[in-house]
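Q: Hi! I have a structure open and would like to talk it through, starting with the whole chain and then looking at details. Can you help?

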Amino acid sequence: MTTLPEFRFNEQVLDASSAALGLLRSSTDARDDRRELHQRMAHDGYLFLPSMLDRDQVQAARTSSLERLAEQDIFLPGHPLDQALLKPRVHMRSAARDVTLDNLPLFDLLYSSHMIEFYEFFLGGPVRPLDYTWFRAKTPTKDSATRPHCDIVYMGRGTENLYTSWTPLGDVPYEMGGLLVLEKSHLNEELKSTYGQTDVDVYCENEGEAAEIIGRAKAANRELTPEEVSAIRWTTVGVYSDDPAAVRTKLGGRWLTTEFQMGDVLILSMYTLHCSHDNQTNHLRISTDSRYQLASESIDPRWIGEDPPGNGIHAKRGTIC
């Protein structure tokens, strides 16, 4: 890779040499070959599908989402909304569920048409998406980059044959901080057998005041307070590391990325380690994470229903540590 801009993660410069950073492999040539798609997912841990979605449909979802975000008064006045030009010192890492609630253009993009058609072809049967839509809004501020993690630790109570679609809602040049995928990380058996077996909603009920705290909150049908959360010894906080450079040194492989265009989709397995890098522009970068599996396979109850509990209090499970 040549003539790349400087990549940063939480304001620290990342190694952009050819030994540390590479390009994602496009699977456009395999779109109609189910066997080849499965072989590439098994080999790479991802499928990068440029222009899989209709660009006009993505634009409609982008516009409806930006209109909702504009209600938070985060954009500079006097500029077209589509530029998503931010006011100084706006800090966001994700956005409130108000952006996705009844957002019909967004739902049409993610849960009908080309996306569902692809998954039905890829998985070979009727598809069941998770009911929760993750909306990401990344600003050019410290700590807005997503830290290295695998999705399995957040949604591993159903089938492992669950896939994440990362869908940029707009063009994402290098400077805007797209996703980074750690090469061959899904094949690292030590990673899978240690960190990959954890669950963010498991706590040690025999240590500290965890059982009492959790029981009290559940009885009152309320979320934990920040003070209660800090008092509990969680099995994991979800992320694998705060340092992408250290992760690459430990596990090997390169961080893979590209300049994403509106209409592209990046599909990840549950064990593929990934993160994002800093948005170094003054424009908001928006994207979604949506998940899909065969309808016939078991599903994680945390992410289904009219109001999925997610990683809230009712998802917590105690264990003896």
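A: Happy to help; below we go from the whole chain to single strands, rings and residues. Keep in mind that this is a predicted model.

Q: Great. How many helices and strands does the protein chain have?
A: The protein chain has 8 helices and 14 strands.

Q: And how compact is the chain for its length?
A: Its radius of gyration is 20 Å, close to the 20 Å that the globule rule gives for 321 residues, so the chain is as compact as a globular protein of that length. Along the principal axes, the C-alpha atoms fill a box of roughly 55 × 50 × 40 Å.

Q: What percentage of the residues count as buried?
A: Of the 321 residues, 51% count as buried.

Q: What about contacts between residues that sit far apart in the sequence?
A: Take the contacts with a separation of 6 or more: residues 24 or more positions apart account for 80% of them.

Q: Let's zoom in on strand 8. Which residues are on its two faces?
A: Strand 8 covers residues 179-182, with Leu 179 and Val 181 on one side and Leu 180 and Leu 182 on the other. These four are all buried, and both faces of the strand are covered.

Q: Why do the residues switch sides like that?
A: In a regular strand the side chains alternate between the two faces of the sheet.

Q: Which strands does strand 8 pair with?
A: Strand 8 pairs with strand 12 (residues 274-276) in the antiparallel sense, over 3 bridges. There, Leu 180 stands opposite Cys 275. Strand 8 is also joined to strand 10 (residues 255-257) by 2 bridges, again running antiparallel. Trp 255 in strand 10 is the bridge partner of Leu 182.

Q: New topic: rings. How many aromatic pairs does the structure hold?
A: The structure holds 13 aromatic pairs. One of them is formed by Phe 122 and Tyr 163, which meet edge-to-face at 5.3 Å centre to centre, with 75 degrees between the planes.

Q: Where in the chain are those two?
A: Phe 122 is in helix 4 (residues 113-123) and Tyr 163 is in strand 7, so to speak of the gap, they are 41 residues apart and the pair links distant parts of the chain.

Q: Are these two rings buried or exposed?
A: Phe 122 is buried, with a relative accessible area of 1%. Tyr 163 is buried too, at 10%.

Q: Can you show me another ring pair?
A: Trp 134 and Trp 303 form a tilted pair, 4.7 Å centre to centre, with 50 degrees between the planes. Trp 134 lies in strand 6 and Trp 303 in the loop between strand 13 (285-294) and strand 14 (317-319), so this pair ties together parts that are 169 residues apart in sequence. Both Trp 134 and Trp 303 are buried.

Q: What lies over the face of Trp 134?
A: Arg 291 does, at 4.3 Å from the ring centre. Elsewhere, the charged end of Lys 192 sits over the ring of Tyr 271, 5.3 Å from its centre.

Q: Back to Phe 122: which cluster does it belong to?
A: Ring pairs link Phe 122 with Phe 107, Tyr 111, Phe 118, Tyr 119, Tyr 163 and Tyr 292 into a cluster.

Q: Now some loops. Where is Thr 139 found?
A: Thr 139 is in the loop between strand 6 (134-138) and strand 7 (163-168). Thr 139 is buried, with a relative accessible area of 0%.

Q: What does Thr 139 touch?
A: Its side chain makes a polar contact with the side chain of Thr 141, at 2.9 Å. Beyond its neighbours within four places in sequence, Thr 139 is in contact with several residues, including Leu 86, His 91, Asn 279 and Leu 284.

Q: And Leu 85?
A: Leu 85 has its place in the loop between helix 2 (55-70) and helix 3 (104-111), and is buried at 11% relative accessible area. Its C-alpha atom is separated by 5.5 Å from that of Phe 75, 10 residues apart along the chain. Outside its neighbours within four places, the contacts of Leu 85 include Ile 74, Phe 75, His 79 and His 283.

Q: Last one: what about Asp 199?
A: Asp 199 lies in the loop between helix 5 (189-193) and strand 9 (202-204). Asp 199 is buried, with a relative accessible area of 13%. A polar atom of its side chain lies 2.8 Å from the backbone nitrogen of Asp 201.

Definitions and conventions:
Residues are numbered from 1 along each chain as its sequence is written. This is a predicted model: local features need pLDDT of at least 70, side-chain atom pairs count only at pLDDT 80 or more; totals for chains, interfaces and linings use all residues. Side-chain values use heavy atoms; hydrogens and water are left out. Buried means under 20% relative accessible area, exposed over 50%, partly exposed in between (1.4 Å probe, protein chains only). A polar contact is a pair of N or O atoms within 3.5 Å; within protein, one must be able to donate a hydrogen and the other to accept it, and residues adjacent in sequence count only if both atoms are side-chain atoms. Contact means heavy atoms within 4.5 Å. Two strands pair if DSSP finds at least two bridges between them. Rings of Phe, Tyr and Trp (its six-membered ring) pair if their centres lie within 6.5 Å; planes under 30 degrees apart count as stacked, over 60 as edge-to-face and the rest as tilted. A charge sits over a ring if NZ of Lys or CZ of Arg is within 6 Å of the ring centre and within 35 degrees of the ring normal. The radius of gyration is taken over C-alpha atoms; the globule rule is 2.2 Å times the number of residues to the power 0.38.
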